Amino acid sequence: MGGLSMDQAFVQAPEHRTKANLADADGIPVVDLSPLAAGDKAGVDALAAEVGRASRDWGFFVVVRHGVPAETVAQALEAQRAFFALPADRKAAVRRDEAAPLGYYESEHTKNVRDWKEVFDIVPREPPPPAAVADGELVFENKWPEDLPGFRQALEEYAEAMEELAFKLLELIARSLGLRPDRLHGFFKDQTTFIRLNHYPPCPSPDLALGVGRHKDAGALTILYQDDVGGLDVRRRSDGEWVRVRPVPDSYVINVGDIIQVWSNDRYESAEHRVSVNSEKERFSMPYFFNPGSDAMVEPLEEMVSDERPARYDAYNWGNFFSTRKNSNFRKLDVENVQIAHFRKDRP
């Protein structure tokens, strides 16, 4: 994988390593989205209630019959495999850097430990380039590899299908909270959504390293396609144990991000998750990180706040939060990365 070799930077502290023979996660809800296409109101209301229960109890659910065309998915997967099969120097030609965080990268850190993976990031909606770039400001401009026929088109079509699904899910979450279906749409006018292509090569020490260390997603929703190899682990809320999310054919894993936890004033909770690796098989996945505009102020929605349930978070600016998180993924920090817990009103 462009020269990835096992060294100390990848080694997780003993308490964060994957145990052998991890149990499969029983009970993660599998939600059939076909009532949306049928336009059946009773079916949609039942669906919203199902999504609400899953967001409350797990922070994760799996969707099937989701309406994303199989051909669109297949072309994106083909593009992904073609990119990671390129020689190291071709991938390095579109490598991200600290000021321009899109493109290829193979040295990402989670919780200050290097991840056993290589990634390629794009934004479906490029913001207009700034007239002048302030010191420390990030420039979100896609870097497309040359001489890879169909790569850009496949990912742009996939991004369109993902956005359509993301807004359907957002409406279901709004309904489940007793809000009007489009209540959250306004936050996504100039969204900072991005798509990541992940490649996890076979790892010689899967007992020591992780593909992605334990974390919660900072944005609103994540829509994850994973292949049939498996490796996504979630911390079960009922007992705090790590369990494996079994791949379900033709499905997406949806996880509630920190923003929805804050909007819902802790009615829903984003789930902690990680990616384990193995020594035999490479694994591919594609998360779509559905994020609001950089000017969005994130705080509990007024409908979620009452005298009995006061706001549990102070407002924070999403753009600043997102930039800080992006920078910390790029290099090891001396301090803990920014978390929504830092904005809790009752924190010590």
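Select Asn112, which lies in the loop between β4 and β5. You are looking at a predicted model. Check the backbone here: Asn112 has a positive phi of about 70°, although Asn112 is not a glycine. Is Asn112 buried, partly exposed or exposed? Asn112 counts as partly exposed, because its relative accessibility is 25% and the partly exposed class begins where buried, under 20%, ends.

Step back one residue to Lys111. Lys111 sits in the loop between β4 (109-110) and β5 (113-114). Lys111 has a positive phi too, of about 50°, and is not a glycine. With a relative accessibility of 40%, Lys111 is partly exposed.

**Next stop: two helix pairs**

Two packed helices are described by the angle between their axes and the distance between the axes. Keep both values in mind here.

Select helix α3 (residues 70-84) and helix α5 (residues 151-176). The two pack at an angle of about 135°, and their axes are 8 Å apart. How are α3 and α5 set to each other? They are oblique, because an angle of about 135° falls outside the ranges for roughly parallel, roughly perpendicular and roughly antiparallel, the last being over 145 degrees. The crossing of α3 and α5 is left-handed.

Now show the side chains where they meet. On the α3 side, pick Thr72, Val73, Gln75, Ala76, Ala79 and Phe83. On the α5 side, pick Phe151, Ala154, Leu155, Glu157, Tyr158 and Ala161. Colour this contact by residue type: nine residues are nonpolar, two are polar and one is charged.

Keep α5 on screen and add helix α2 (residues 41-57). α2 and α5 pack at an angle of about 85°, with their axes 8 Å apart. What does that angle make this pair? α2 and α5 are roughly perpendicular, because 65 to 115 degrees is the range for that word.

Show the residues in this contact. From α2, select Val44, Asp45, Leu47, Ala48, Val51 and Gly52. They meet Leu172, Ile173, Arg175 and Ser176 in α5. Here the residues divide into six nonpolar, two polar and two charged.

**Beyond α5**

Select Gly178, in the loop between α5 and β7 (194-200). Gly178 is exposed, with 68% relative accessibility, because exposed means over 50%. Now add Met304. How far apart are Gly178 and Met304 in sequence and in space? They are 126 residues apart in sequence, and their C-alpha atoms are 9.4 Å apart.

Go on to Pro201, in the loop between β7 and β8 (212-215). Pro201 is buried, with a relative accessible area of 7%. Draw a C-alpha to C-alpha line from Pro201 to His273. The line spans 19 Å, and the sequence separation is 72 residues.

**Next stop: His273**

Stay on His273. This residue lies in strand β13 (residues 273-275). His273 counts as buried at 6% relative accessibility.

Show what surrounds His273. Leaving out residues up to four places away in sequence, His273 touches Phe60, Gly213, Arg214, His215, Lys216, Asp217, Leu232, Asp233, Val234, Trp242 and Asn255. Pick out Asp217: its side chain makes a polar contact with the side chain of His273, at 3.2 Å.

For another line, add Ala88. His273 and Ala88 are 185 residues apart in sequence and 29 Å apart in space, C-alpha to C-alpha.

**Follow Asp217 to Thr222**

Which side chain makes a polar contact with the side chain of Thr222? It is that of Asp217, at 2.7 Å. Thr222 itself is found in strand β9 (residues 221-226). Thr222 is buried, with a relative accessible area of 4%.

Now select the contacts of Thr222, skipping its neighbours within four places in sequence. They are Asp217, Val253, Ile254, Asn255, Pro287, Tyr288 and Phe289. Asn255 was also touched by His273.

**Last stop: His16**

Select His16, in the segment before β1 (30-32). Its side chain makes a polar contact with the side chain of Arg214, at 3.4 Å. Which residues is His16 in contact with, leaving aside its neighbours within four places in sequence? They are Leu210, Arg214 and Arg274. Arg214 is also touched by His273, so colour Arg214 and look at both histidines together.

How values were computed:
Residues are numbered from 1 along each chain as its sequence is written. This is a predicted model: local features need pLDDT of at least 70, side-chain atom pairs count only at pLDDT 80 or more; totals for chains, interfaces and linings use all residues. Side-chain values use heavy atoms; hydrogens and water are left out. Helices (H or I, at least four residues) and strands (E, at least two) are DSSP runs, numbered from the N terminus. Buried means under 20% relative accessible area, exposed over 50%, partly exposed in between (1.4 Å probe, protein chains only). A polar contact is a pair of N or O atoms within 3.5 Å; within protein, one must be able to donate a hydrogen and the other to accept it, and residues adjacent in sequence count only if both atoms are side-chain atoms. Contact means heavy atoms within 4.5 Å. Axes are lines fitted to C-alpha atoms, for helices over the stretch in contact, and angles run from 0 to 180 degrees between N-to-C directions. Angles under 35 degrees count as roughly parallel, over 145 as roughly antiparallel, 65 to 115 as roughly perpendicular and the rest as oblique. A crossing is left-handed if the near helix is turned anticlockwise from the far one by less than a right angle, and right-handed if clockwise. Ala, Val, Leu, Ile, Met, Phe, Trp, Tyr, Cys and Pro count as nonpolar, Asp, Glu, Lys and Arg as charged, and the others, Gly among them, as polar.
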